[in-house]
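Please open the model in your viewer and keep the sequence panel beside it, since each stop on this tour begins with a selection. The stops follow one another in the order in which they are best clicked through.

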Amino acid sequence: MMTSVDTDLLRVLADPLRLRIVTLLARETLCTTHLVEETGARQTNLSNHLRVLREAGVVETEPCGRFTYYRLRPDVIASLAGRFADLAESARTAAGNKRACP
């Protein structure tokens, strides 16, 4: 069963730019400058999206001099994927179940 935390996480990942950021961070740890180059987003817009991802626990930061690097937290993504796998299994099991109308 999906929890409110899962629902909140889905809302966070539903934004196309945030999903693009997560996809990029799945491949490597990047700083804001790299993400601006890769996405074409403005730095202020990108920073706002990174804040949302950080607050949701999807990414973590690593300061490096005057730069901040962002790294994806795979455990958060794996947990959400596990929830969907559980839902798929429930749907397979319940495929023959049909509640009668009153």
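Begin with Arg92, which counts as exposed because its relative accessibility is 58%. Keep in mind from the outset that this is a predicted model, and that side-chain atom pairs count only at pLDDT 80 or more. With Arg92 still selected, add Glu89, and you will find that the two side chains meet in a salt bridge, at 3.3 Å from N to O. Both residues lie in helix α5, where they stand three residues apart, about one turn of the helix. Glu89 counts as partly exposed, because its relative accessibility is 44%.

**Along helix α5**

Now select residues 74-93, which make up helix α5, and pick out Leu87 within this helix. Leu87 has a relative accessibility of 37% and therefore counts as partly exposed. Adding Leu10 and Phe84 to the selection completes a nonpolar patch on the surface, in which these two residues and Leu87 together have about 230 Å² of accessible area.

Another residue to highlight in helix α5 is Ala78, which is partly exposed, with a relative accessible area of 48%. If you draw a distance from the C-alpha of Ala78 to that of Thr29, the viewer should span 18 Å between residues that are 49 apart in sequence.

**The salt bridges**

How many salt bridges does a search of the whole structure find? The search finds six, and the pair of Glu89 and Arg92 that you have already visited is joined by a salt bridge. For another, select Glu60 and Arg71, whose closest N and O atoms are 3.0 Å apart. This pair links distant parts of the chain, with Glu60 in strand β2 (residues 59-64) and Arg71 in strand β3 (residues 67-72), eleven residues apart. Glu60 counts as partly exposed because its relative accessibility is 32%, and Arg71 is likewise classed as partly exposed, at 29%. Extend the selection to Glu62, and you have a network of salt bridges that links Glu60, Glu62 and Arg71.

Move next to Arg73 and Asp75, which form a salt bridge with their closest N and O atoms 3.1 Å apart. Arg73 has a relative accessible area of 27% and so is partly exposed, while Asp75, at 45% relative accessibility, also counts as partly exposed.

**Into the nonpolar core**

Hide the surface and turn to the largest nonpolar core, which has 20 residues. Which of these residues touch the most other members? They are Leu13, Ile21, Leu25, Leu35, Leu53, Val58 and Val59, and colouring them together gives a convenient view of the core. The elements that give two or more residues to this core are α1 (4-14), α2 (16-27), α4 (43-55), β3 and α5. Of these, α2 supplies the largest share, namely five residues.

Val58 deserves a selection of its own, with its contacts displayed. Leaving aside residues up to four places away in sequence, Val58 touches Leu9, Leu13, Val22, Leu53, Arg71, Leu72, Arg73, Val76 and Ile77. Among these contacts are Arg71, which you met in the salt bridge with Glu60, and Arg73, which you met in the salt bridge with Asp75.

**Thr32 and Arg51**

Select Thr32, which is found in helix α3 (residues 32-39). Is Thr32 buried or exposed? Thr32 counts as buried, because its relative accessibility is 14% and the cut-off for buried is under 20%. Residues up to four places away in sequence again set aside, Thr32 touches Gln43, Leu46, Ser47, Leu50, Thr68 and Tyr70.

From there, go to Arg51 in helix α4, which is partly exposed because its relative accessibility is 34%. A C-alpha to C-alpha distance drawn from Arg51 to Leu17 comes to 13 Å, although the two residues are 34 apart in sequence.

**The cysteines**

The last stop concerns the cysteines, for which a search of the whole structure finds zero disulfides. Select Cys64, which is in no disulfide, and note that the nearest cysteine sulfur, that of Cys31, is 8.8 Å away. Cys64 is partly exposed, because its relative accessible area is 40%, whereas Cys101, with a relative accessible area of 72%, is exposed.

Terms used. Residues numbered from 1 in each chain as written. Predicted model: local features only at pLDDT ≥ 70, side-chain atom pairs only at ≥ 80, totals over all residues. Heavy atoms only, no water. Patch = residues over 30% accessible without salt bridge, like charges linked within 9 Å, V, L, I, M, F, W, Y side chains within 5 Å. Areas by Shrake-Rupley, 256 points an atom, 1.4 Å probe, with all protein chains shown as cover. Salt bridge = Lys/Arg side-chain N within 4 Å of Asp/Glu carboxyl O. Helix = DSSP H or I, 4+ residues; strand = E, 2+ residues; numbered from the N terminus. Buried < 20%, exposed > 50% of the residue type's maximum accessible area, 1.4 Å probe, protein only. Core = buried A, V, L, I, M, F, W, Y, C linked by side-chain atoms within 4.5 Å. Contact = heavy atoms within 4.5 Å. Disulfide = S-S within 2.5 Å.
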